[in-house]
Amino acid sequence: MSKDEQGVVAGGKRIPSATVLWTAGVAASPIVKMFGADTDRAGRVIVGPCLDVPGVPDVFFVGDTASVVQNGRPEPGVAQAAIQQGRYVGRLICARLEGREPKRPFRYSNKGNMAVVGRNFAILEAGPFRMSGFLTWLIWAFIHVASLPQLQNRLRVEFQWLWSYFTGQRSSRLISEPPRTVD
């Protein structure tokens, strides 16, 4: 796939457009099917309260591979939930190795939502607290960079953002899949 100011070329066909939007869905890894556990409509493994597979000891699924229900509602498929799930399972495994059982089942804690809406503008919602604008955009950038692992990743992202901000040149990273054939 390639793009220019007149549109995109996908699958060898030009699609004229002044605006190009990219979207992606979230689906569980195909390896989940190989495990053979019960799954939801999206292909995620239905897990128990400790993110384990019911009836299968010491097997856990987290993030986009886990179908987690809390208070009768599915947990959101966001990085915040996946990070909390991963930390919970890591602590649970350590506790079991030390001969202890978990004190409580997994509970997702929503710390709020942030999103960049445009250049120099972001929104924040955390419980009843809401804010938007340039300051929120700076806070979003700081939180995003601070949460990246390793100093080299933080520096790389900061440099790319500064370059884009001051030059107006944007880059895109496209992950394309080969076309699927229908049997």
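Q: What covers the buried residues of helix 2?
A: The cover includes strand 5 (66-67), where contact means heavy atoms within 4.5 Å. Helices (H or I, at least four residues) and strands (E, at least two) are DSSP runs, numbered from the N terminus. This is a predicted model, with local features needing pLDDT of at least 70 and side-chain atom pairs counting only at pLDDT 80 or more, while totals for chains, interfaces and linings use all residues. Residues are numbered from 1 along each chain as its sequence is written, and side-chain values use heavy atoms, leaving out hydrogens and water.

Q: Which residues of helix 2 are called buried?
A: Buried means under 20% relative accessible area, exposed over 50%, partly exposed in between (1.4 Å probe, protein chains only). A81, Q84, Q85, Y88, V89, L92 and A95 fit the buried label. Seen down the helix 2 axis, the buried residues fall within an arc of 130 degrees (from directions of axis to C-beta atoms), so they line one face. The face turned away from that buried side has A79, R87, R91 and L97, which are exposed.

Q: How do you know that the span of helix 2 agrees with the expected one?
A: Expected span is 1.5 Å times one less than the number of residues. For the 19 residues of helix 2 (79-97) that gives 27 Å, and the end C-alpha atoms are 27 Å apart, so the two agree.

Q: What makes strands 8 and 9 a pair?
A: Pairing takes at least two DSSP bridges between two strands. Strand 8 and strand 9 (residues 121-126) are joined by 5 bridges and run antiparallel, so they pair.
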